[in-house]
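Visitor: I've got a model open and I'd like to learn how to read it. Can you walk me through it, feature by feature?

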Amino acid sequence: MGGCSSGVTQGTKLGPWLFTNMINDLSIVGVSLWKYVDDTTFSETVHLNHNSKIQGHVDDLSKQVSADRFQINEDKCKELRITFARCKINFDPIKINYKSINCIKKAKILGVTLSSDL
């Protein structure tokens, strides 16, 4: 006998409601977190001469998502680095499930386009 799969077809009216209900308790200490209908965004501020802790935050998110039986689509995850530094700061690439995510120059969030140089 085969396994039983479950889920909600993408694009249905029930999908965003279920997703919002499931991520309602999602929280990550040390980052700003925004939850949308079918998307989640978080940010970290890295001060001059300090190290980024974003990889640890991403790992925490992955653990919470896994515990809630969700899957992160790494191909849809993006990194946008906004900096006012005169010198370019090299950060390690962010990885989700051992896969590096793309670092982009601009992103559209809720109809507003943000660019890496603002």
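Guide: Sure, let's start with a definition: a residue counts as buried when its relative accessible area is under 20%, as exposed when over 50%, and as partly exposed in between. Keep in mind that this is a predicted model. Glu79, at 11% relative accessibility, therefore counts as buried.

Visitor: What share of the 118 residues in the protein chain is buried?

Guide: Buried residues make up 16% of them. The accessible surface of the chain comes to about 9,800 Å², and carbon and sulfur atoms hold 52% of that.

Visitor: And the fold? How many helices and strands does the protein chain have?

Guide: You'll find two helices and eight strands. Going along the sequence, the pattern reads α-β-β-α-β-β-β-β-β-β.

Visitor: How do I judge whether contacts tie together parts of the chain that are far apart in sequence?

Guide: Look at sequence separation. Take the contacts between residues at least 6 apart in sequence: 42% of these join residues at least 24 apart.

Visitor: Now salt bridges. What's the cut-off, and how many are there?

Guide: You want a side-chain nitrogen of Lys or Arg within 4 Å of a carboxyl oxygen of Asp or Glu. By this rule, there are two salt bridges. In one of them, the side chains of Lys99 and Asp75 meet at 2.5 Å, N to O. That pair links distant parts of the chain, 24 residues apart: Lys99 sits in strand β5 (residues 99-100), while Asp75 lies in the loop between α2 (54-67) and β3 (78-80).

Visitor: How exposed is Lys99?

Guide: Lys99 is partly exposed, with a relative accessible area of 37%.

Visitor: Which side chain does Glu79 meet in a salt bridge?

Guide: Glu79 meets Arg81, at 2.7 Å from N to O. The two ends sit in different accessibility classes, because Glu79 has 11% relative accessibility and counts as buried, whereas Arg81 has 27% and counts as partly exposed.

Visitor: What about backbone angles?

Guide: Most residues other than glycine have a negative phi, so positive values are worth a look. Tyr98 has one, near 70°. Tyr98 is in the loop between β4 (95-96) and β5, and counts as exposed at 82% relative accessibility.

Visitor: Where does Leu110 sit, and what is its phi?

Guide: Leu110 is in the loop between β7 (106-109) and β8 (112-115). Its phi is positive too, near 50°. With 70% relative accessibility, Leu110 counts as exposed.

Definitions and conventions
Residues are numbered from 1 along each chain as its sequence is written. This is a predicted model: local features need pLDDT of at least 70, side-chain atom pairs count only at pLDDT 80 or more; totals for chains, interfaces and linings use all residues. Side-chain values use heavy atoms; hydrogens and water are left out. Helices (H or I, at least four residues) and strands (E, at least two) are DSSP runs, numbered from the N terminus. Buried means under 20% relative accessible area, exposed over 50%, partly exposed in between (1.4 Å probe, protein chains only). Contact means heavy atoms within 4.5 Å. Accessible areas come from the Shrake-Rupley method with a 1.4 Å probe; for residues, only the protein chains shown count as cover.
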